[in-house]
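Reader: I would like to go through this model and ask what stands behind each label. Keep the answers short, please.

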Amino acid sequence: MPAARLASISVDLDSLPHYCRIHGLPESLLDERARTLIHRVAVPRFLELLAQIGVPGTFFVIGEDLETDPGAADGMRRAHAAGVEVASHSHAHDYALTRRGPDAIAEDLARADAAILKAVGVRPSGFRAPGYTLNADLYAATVAQGYRYGSSAFPAAPYYAAKAAVMGALAALGRPSRSVLDTPRVLLAPRVPYRPDPAQPYRRGSGAVLELPMTVTPVVRFPFIGTFATTLPRGTMRAAYRTCWADAFFNFELHGVDVLDATDGIPPELVRQQRDLRVSAAKKLERLRSIFQWLKDDFDVVTLRDAAGQLSASL
């Protein structure tokens, strides 16, 4: 198989308090165990799954979690030792990070890098923005931090429309989401790896930090991500996968909750809002095992860091 046909599997390790913020729920719903489920339960499940299929992965970790939860730091050390890339998902996972101004953005990214370096002994090579929201100030900060790549562009029209509808509904209920709706310009971003225009990072340019968008299908730009992969019919996901099969790079993005379910100790109020938590973890893992195998059979599966290294020379 040609080296140019690459795939990466990445997992955003958003802890459950961030889902409460998305859905306008009080974080007081979560006990101490629920707050640490992503790192203490989901991370080991993903590590086992990657090892079963024999492929590497990339974990996007929140720096704040590494500072406050010793179990999170221990898990990232184990992941790093197993060959998983540990990348930055910012320090505080502030959905409004792009609105904080250059100095606050730079401080957040630097704190995340320091926490990751302390935990695993290596500075991160890549970054994914909270809520996938990117702008010129945040892109400039990724350049200043010396990242090899970013993976924040998510040009998925169905996702964007659904997010706007949910945020509007929550606002009408008097329970506003703390998530942020990105500029519609993201819908015109390239769906394949590209070098951004530093002033408008959803456009092509000559930026130093390579952008590796998350995979969406051609034309309708349906998102091929964990949330849908674990909940939609297998035939639907197989058809979506086939439309992307000819791509030179396949970027499969997941979240820690993609291997959790209601029986893991998640409050029922959050389960009602986060519908994918009603699907059993066993069923989710079975589906992900199949998709990971598809990728292994059809692509050279590498970390995002290694994908960026191989793709950067041609972009």
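Author: This is a predicted model. Strand 1 (residues 6-12) and strand 2 run parallel, with three bridges between them.

Reader: What makes strand 1 and strand 2 a pair?

Author: Pairing takes at least two bridges. Strand 1 and strand 2 have three, so they pair. Valine 11 has phenylalanine 59 in strand 2 as its bridge partner.

Reader: Which strand pairs with strand 2 over four bridges?

Author: Strand 3 (residues 85-88), in the parallel sense. Phenylalanine 59 has valine 86 as its bridge partner there.

Reader: Which way do the residues of strand 2 point?

Author: Thr58 and Phe60 point one way, Phe59 and Val61 the other. All are buried.

Reader: How do you know that strand 6 and strand 7 pair?

Author: Two bridges join strand 6 (residues 196-197) to strand 7 (residues 200-204). The threshold is at least two bridges, so they count as a pair. The sense is antiparallel. Proline 196 faces arginine 204 in strand 7. The hairpin between strand 6 and strand 7 runs through two residues.

Reader: How many disulfides does the structure hold?

Author: Zero. A disulfide needs two cysteine sulfur atoms within 2.5 Å.

Reader: Why are cysteine 20 and cysteine 244 called buried?

Author: Buried means under 20% relative accessible area. Cysteine 20 has 1%, so it is buried. Cysteine 244 has 0%, so it is buried too.

Reader: Why is the pair of tyrosine 132 and tyrosine 159 called edge-to-face?

Author: The structure holds twelve aromatic pairs. In the pair of tyrosine 132 and tyrosine 159, the ring centres are 5.8 Å apart and the planes stand at 70 degrees. Ring pairs need centres within 6.5 Å, and planes over 60 degrees apart count as edge-to-face. Both conditions are met, so the label holds. The pair links distant parts of the chain, 27 residues apart. Tyrosine 132 is in the loop between strand 4 (126-127) and helix 7 (136-144), and tyrosine 159 is in helix 8 (residues 157-172).

Reader: Tyrosine 132 and tyrosine 159: buried or partly exposed?

Author: Tyrosine 132 has 7% relative accessibility, so it is buried. Tyrosine 159 has a relative accessible area of 25%. Partly exposed lies between 20% and 50%, so tyrosine 159 is partly exposed.

Reader: What makes phenylalanine 224 and phenylalanine 250 an edge-to-face pair?

Author: Their centres are 5.2 Å apart, with 80 degrees between the planes. The limits are within 6.5 Å and over 60 degrees, so this pair is edge-to-face. Phenylalanine 224 is in the loop between strand 8 (210-211) and helix 9 (226-229), and phenylalanine 250 is in strand 9, so the pair ties together parts 26 residues apart in sequence. Phenylalanine 224 and phenylalanine 250 are both buried.

Reader: Which residues do ring pairs link into a cluster?

Author: The cluster consists of Phe224, Tyr241, Phe250, Phe252, Phe292, Trp294 and Phe299.

Reader: How do you know that arginine 5 sits over the ring of tryptophan 245?

Author: The charged end of arginine 5 is 4.4 Å from the ring centre. The distance limit is within 6 Å. Arginine 5 also lies over the face of phenylalanine 299, at 4.4 Å from that ring centre.

Reader: Where is aspartate 247 found, and why is it called buried?

Author: Aspartate 247 is in the loop between helix 10 (234-244) and strand 9 (249-255). Its relative accessible area is 13%, so it is buried.

Reader: What makes the link between aspartate 247 and arginine 191 a polar contact?

Author: The side chains are joined at 2.6 Å. The distance limit is within 3.5 Å. Beyond its neighbours within four places in sequence, aspartate 247 is in contact with Arg5, Arg191 and Phe299.

Reader: Why is alanine 119 called buried?

Author: Its relative accessible area is 8%, so alanine 119 falls in the buried class. Alanine 119 is in helix 6 (residues 102-120). Neighbours within four places aside, its contacts are Leu66, Ala73 and Arg77.

Reader: What is notable about the phi of arginine 221?

Author: Most residues other than glycine have a negative phi. Arginine 221 has a positive phi, near 55 degrees. At 18% relative accessibility, arginine 221 is under the 20% limit, so it counts as buried. Tyrosine 132 also has a positive phi, about 65 degrees, and is not a glycine.

Key:
Residues numbered from 1 in each chain as written. Heavy atoms only, no water. Buried < 20%, exposed > 50% of the residue type's maximum accessible area, 1.4 Å probe, protein only. Polar contact = N/O pair within 3.5 Å; in protein donor to acceptor, adjacent residues only side chain to side chain. Contact = heavy atoms within 4.5 Å. Phe/Tyr/Trp six-rings, centres within 6.5 Å; stacked < 30°, edge-to-face > 60°. Lys NZ or Arg CZ within 6 Å of the ring centre and 35° of its normal.
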